[in-house]
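Visitor: I've got a new model up on the screen and I'd like a walk around it. Could you take my questions one by one?

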Amino acid sequence: MRANYLLAIITIVVSAFFLVVAFQMPETNSTTTIGPMGWPIMILLFSLVMGVLLLLNTWLKGRKKTELIYNDIQSSDKNEVTKEKFHVKNRHFYILVSIAIYVLLLPILGFIIVTPFLFFFLAWLLGMGRLLKVAAITIVSNIVFVVLFIHLLGIPFPRGIGIFRSLSFLIY
Amino acid sequence: MRRNFLASKSYLVLSTMLLTLILLTACANTGDSASNEADNYPEREIEVYVGHGPGGGTDTFVRTITNQMSDIIDGEFNIINQEGGSGVVAMQNAMQQPADGYTLIGDSAYAVTTAAGTNEYGLDQVVPIARVQSDTYALQVKKGTFESIDELVSYAEANPGKIRIGAVGTMGIDEITARRFMKEAGVDMNYIPMEGAGEMHSGILGGHIDVMLEEVGPTMSYIEDEEFEPLVFFSEERIDDFSEVPTTVEKGWDLTDGVERYLMAPADTPQEIIDKLEDASKEAMETEEYQEYAENSYLDLRDGWMGSEDFKNKLEEDIKKYEEILAEIEE
Amino acid sequence: MLEGILMGIDNLFEPLHILILLLAMMIGFLGGALPGISGTMLVIILLPVSYGLDTISAFILLTTIYAASVFSGLISAILFRTPGTPEAVATVFDGYPMTEKGKPGQALGIGILSSATGGVIGTLFLIFLTPILASFALNFSSPEYFALAILGLTVVASLSSGNLIQGFIGVGLGLFVATIGMDPLSGTERFTFGTLELIGGIDLIPVLIGLFAISEVLRKSKQDHTIEKEMQKVKTKVFDSGIINRIKNTIFRSAILGISIGILPGVGATTAAMISYSEAARWSKNKDEFGTGIPEGIAAPEAANNAGAMGAMVPLLALGIPGSATTAVILGAFVLHGLQPGPMLMTDEPGLVYTIFISLLAVNILIIVFANPFIRMFSKIMKVPYSALGPAIIIFCIIGTFAVRNSVFDIWVMLIFGIIGYYLDRMKFPLATIILGVVLGPIAEEEFRRALQMSQGDISIFFTRPISGVLLGLALLAFIIPLVNRIKKYKKA
């Protein structure tokens, strides 16, 4: 239920924000009958109303039932953790962060370099085990990626800058 | 002990530091050595950024011409489609690459997007290699609706705003040309921006729009099948295969611009490479295969070739011209 | 026509052509199955390869890859919640839940049967009815497209799995996201805040992959993976008579719907899959079960997308007007091969056209033959521990997202929607409604404004034109009837 409150509030805030942006759009030449902001404004108003409705609805429901059932999903997840031999808490957070770092470094270091690192980190994080094994699988997988996507399909992945750029030309 | 370390936050920190170190090394080493490699050019794949969708006019042009060029200069081309903003997104991405001659741009809307301000790379930052195609616009209607351009114009004069004229896109060369036509002919028509050539053709076939601004290349099949009829061509001289169709100039309308298709490169690209590409594209244009393609698509109605220097000057003039036109339209 | 068909069969059964057909099927299967490689992409990439072939071989290659990839997108959608191709967008909704229930084999079997049947029906329509279908499609213009999109959007209620307000918020989000970028009708930038990347707008694929695949990886990473071992046996069963009985009506209806949508220029197999799923949900007696992993939920989109892909070839071959994104590339291929696409194509090059017809028929039939072994090979992947599979899926998602528009920005979009999807999933939010908004939003808005431009502001245009009026009437009914039913329920209680 808390989640619904949060969703409702986020919806209201975001819709309101973009509505303000929409209304502030200068009246540019619109060669069509309905200007570019007509439809977005309609959608945003609609979403705003829905957000408010959700808020009210959740509040009304909250008064009727007790909240035993809608407990934190997190607690049930934690019970499963103990069965595994290797487990880092809140892995999903690290996954997100590592992908974000990957995308940040991608234009700088180039695809060839960062991808193995990401793979290595994720594989280790998800419990692959001995580092040597992880490294081996990383190398094999990355060769597959490179052959498949770069040599066969010719997708132009970012090359990075400077020395990394030159390095990438050796491979593709 | 080892297990704990690997699971600990310190490992994360260490690896981040390692990555940062690499990052710093990269910064210190930016910039390729500027070696004169025009003689060995190309040593690897040349990427051509095309800011228009695959299968479209510009894309087909780039693929065809580079196909021929790759034999001539003994190199491989890799076409990268990046739609968005009528070529602006592709231009942006291409300009991020070093100007070593391995990044080119294929475009047809440069003058307009620069004049409109959406493209921020002026002719001091990007130069044309050559113009290869100069397409000719025409106004076409469904056969049987209007017999001549005069009929269309008089109808439009008598019924302002009623004729629906379609062209592809908004604020692009299509719309600008359509509006210039309306101004020159002194008529008020209802401009409908169509999603793409396909929708425009089906719009005419289905009677949803009355007239369209479209080259005859894509519609040749319909013309032969007697579904479409061109009423006027936007050129100075009559077209051979359409000798009964008048031109805009005959009618007293100063409108001969069409869609131009060309290759461009970042301005800092070594001049020798640009020259080499310019010559290659001219040779490619003169090959039999290219000529055949141009003929089939009616892209050879007028001389398309214009060299780097000449075309650069033309673009400068065009940009100024479109800036004025756009300002007028906005009123 | 009979002549043409015989000529087509004759052409196809030349050794070189058969070889190319089989090869193209494999390529299409593989590409479609891998998340991140779509049919459109494969056709673009293989265009240069097709130059070196004779015309007939070239087009057998390209069209077969298209047809095969539309099918195989479901594999990854069902097994990993990651659509292998955009056409499999709606297969995730019920396909993956069925896998979660421990029956991935059944899901795949249903997918195979529906795809093949839908494809064959579509191809038959293509072969025999192309001229008629093409002229029917010409009656569609902006008002009709708008009406169709609205009809599609009204189904948000059925997709909300009970949580109506959340569903509306979802569709609102989807609709809004679709408006970001340069407005095609006026050239103004909407909500771009000056960033260049946003001018291109937000693409469907990063949103789709983020919301479903990335969020799923995040969710799975919190789980204990020793449980996974039970799910590794994937036995596909295509001919299960019980299931067939249950879904046969869905397949036929969805195939017809798919073709109808596919023949419309500009709207392709992806939209066909989406609308078909929604309509199947709307008109079914057990609509609340949609989204929990029921056979109809897989049969509907898969029959529709294969039929729709065939339908998209109708305007292409009859009129030279592309019926979908992939067919637009194939149109370019015609030009590149020196052919003139347009109404004369069928009369000028009957050999080519009929060979394409026959080879498409062959591909769709062969799906049943080749799917099983292919899936058996592919599903050995399920035996791979998640510690290797997870990273591989993530990398494929990143690569695939990047490859759509060669854009690093899209990867960020994928990531952000991955986070959004993760949290929304936790509260059992109906993610499908967001996709509905993203897919149908642009069509609805653009065509609405274009239609009004055509009528010069006269809104009656939507009701005076017969097709548009009928569709809007249906949309209205579709909206009111459930409401009325609900009120009746209230009164009884």
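Guide: Sure, and keep in mind that this is a predicted model. Let's begin with the patch of negative charge on the surface of chain B.

Visitor: Which helix gives the largest share of the negative patch?
Guide: The patch gathers residues of chain B, among them Glu45(B), Asp71(B), Glu288(B) and Asp300(B). Four residues of the patch come from one helix, spanning residues 288-296 of chain B. That largest share belongs to helix H11.

Visitor: Is Glu289(B) buried, exposed or partly exposed?
Guide: Glu289(B) is part of that negative patch, and its place is in helix H11 of chain B. Its relative accessibility is 48%. Buried means under 20% and exposed means over 50%, so Glu289(B) counts as partly exposed.

Visitor: What about Tyr298(B): is it buried or exposed?
Guide: Tyr298(B) sits in the loop between H11 and helix H12 (308-329) of chain B. Its relative accessible area is 14%. The cut-off for buried is under 20%, so Tyr298(B) is buried.

Visitor: What is the phi of Tyr298(B)?
Guide: Most residues other than glycine have a negative phi. Tyr298(B) is not a glycine, yet its phi is positive, at about 55°.

Visitor: Where is Lys428(C), and is it buried or exposed?
Guide: Lys428(C) also has a positive phi, about 60°, without being a glycine. Look for it in the loop between helix H19 (408-426) and helix H20 (432-454) of chain C. With a relative accessible area of 67%, which is over the 50% cut-off, Lys428(C) is exposed.

Visitor: Staying in chain C, which residue of chain A does Asp183(C) touch?
Guide: Asp183(C) is in the loop between strand E1 (181-182) and strand E2 (189-190) of chain C. It is buried, with a relative accessible area of 1%. Leaving out residues up to four places away in sequence, Asp183(C) touches Thr188(C), Arg190(C) and Arg449(C), and from chain A it touches Pro36(A).

Visitor: Which residue of chain C does Thr64(B) touch?
Guide: Thr64(B) belongs to helix H3 (residues 57-73) of chain B, and at 9% relative accessible area it is buried. Not counting residues up to four places away in sequence, it touches Tyr290(B) and Tyr293(B), plus a residue of chain C. That residue is Leu336(C).

Visitor: How many Å separate Thr64(B) and Phe234(B) in space?
Guide: Along the sequence, Thr64(B) and Phe234(B) are 170 residues apart. From C-alpha to C-alpha, the separation is 25 Å.

Visitor: Over to chain A: how many helices does it have?
Guide: From the N terminus on, its elements run α-α-α-α-α-α-α. There are zero strands in chain A, and the helices number seven.

Visitor: What percentage of the chain A surface belongs to carbon and sulfur atoms?
Guide: Chain A has 172 residues, and 45% of them are buried. The accessible surface of chain A comes to about 9400 Å². The share from carbon and sulfur atoms is 71%.

Visitor: Where does Val49(A) lie, and how much accessible area does its nonpolar patch have?
Guide: Val49(A) lies in helix H2 (residues 38-64) of chain A and is partly exposed, at 46% relative accessible area. Its partners in the nonpolar surface patch are Val52(A), Leu53(A), Leu56(A), Trp59(A) and Leu60(A). Together, the patch residues have an accessible area of about 530 Å².

Notes
Residues are numbered from 1 along each chain as its sequence is written. Chains are lettered from A and ligands numbered from 1 in the order in which they are written. This is a predicted model: local features need pLDDT of at least 70, side-chain atom pairs count only at pLDDT 80 or more; totals for chains, interfaces and linings use all residues. Side-chain values use heavy atoms; hydrogens and water are left out. Helices (H or I, at least four residues) and strands (E, at least two) are DSSP runs, numbered from the N terminus. Buried means under 20% relative accessible area, exposed over 50%, partly exposed in between (1.4 Å probe, protein chains only). Contact means heavy atoms within 4.5 Å. Patches are made of residues with over 30% relative accessible area and no salt bridge: like charges are joined within 9 Å, nonpolar side chains (Val, Leu, Ile, Met, Phe, Trp, Tyr) within 5 Å. Accessible areas come from the Shrake-Rupley method with a 1.4 Å probe; for residues, only the protein chains shown count as cover. A salt bridge is a side-chain nitrogen of Lys or Arg within 4 Å of a carboxyl oxygen of Asp or Glu. Lys and Arg count as positive and Asp and Glu as negative; His and the chain ends are not counted. The place of a charge is taken as NZ of Lys, CZ of Arg, CG of Asp or CD of Glu.
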